[in-house]
Amino acid sequence: MKYVAMIYGNQAKWDSFPAEAWPEAIAKQEAFNTKYRESGELVGAYGLADAAAAQLVRRAEGVPVVTDGPYLETKEYLASFYLLDCESLERAQRIAADMPFADVEPVELWPILHESPVNDLPVNGLPASGLPASGPSVNG
């Protein structure tokens, strides 16, 4: 079963973190990522830009309409998320609790109920294999 583990933050929190502590914090996070990537349970880890860089995109008359700023008006925002692939909810909970700052900041854990794997989607009108349905041409 797949899960998304999310960590929230805000600019005041990041600004209050001592500059000299960042290298150790990053090293702890990379160790966590390596441990669970090697176990096959961490599919991906993604750190997001500051909320000031977020944009809202809508479609009007067939073209994108872009507005600056996140949709939600809130002090906290999604700072990073992790895609986990675990044997059970309990295992996902153990991994979330093992995140470097889970002792001081909660980790939000959501089960993924539906997935459309990228490998199953056509690319440029071709099947996921990249080859036409009839297969490669023998004569070039």
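1. A contact here means heavy atoms within 4.5 Å. With that cut-off, 72% of the contacts in the protein chain between residues at least 6 apart in sequence join residues at least 24 apart. The model is a predicted one.

2. On confidence: the mean pLDDT of the protein chain is 84, with 81% of its residues at 70 or more. Among the elements, helix α3 (residues 89-97) has the highest mean pLDDT, 97, and helix α1 (residues 11-16) the lowest, 82. Over residues 131-140 the pLDDT falls below 50; beyond near neighbours in sequence, this stretch has five contacts in the model. Where pLDDT is low, the predicted coordinates should not be read in detail.

3. On the order of elements: three helices and six strands make up the count for the protein chain. Read from the N terminus, they follow the pattern β-α-α-β-β-β-β-α-β.

4. On strand pairing: β5 (residues 77-85) pairs with strand β1 (residues 2-9) in the antiparallel sense, over eight bridges. One residue of that pairing can be checked directly, as V4 has L83 in β5 for its bridge partner. Strand β5 is also joined to strand β2 (residues 42-47), by five bridges and again antiparallel. There, F81 in β5 is the bridge partner of Y46. For anyone following side chains along these strands, in a regular strand they alternate between the two faces of the sheet.

5. On exposure: the protein chain has 140 residues, of which 21% count as buried; the cut-off for buried is under 20% relative accessible area. The chain exposes about 10,100 Å², and carbon and sulfur atoms supply 57% of that area.

Technical notes:
Residues numbered from 1 in each chain as written. Predicted model: local features only at pLDDT ≥ 70, side-chain atom pairs only at ≥ 80, totals over all residues. Heavy atoms only, no water. Pairing = 2+ DSSP bridges. Helix = DSSP H or I, 4+ residues; strand = E, 2+ residues; numbered from the N terminus. Buried < 20%, exposed > 50% of the residue type's maximum accessible area, 1.4 Å probe, protein only. Areas by Shrake-Rupley, 256 points an atom, 1.4 Å probe, with all protein chains shown as cover. pLDDT = per-residue confidence, 0-100.
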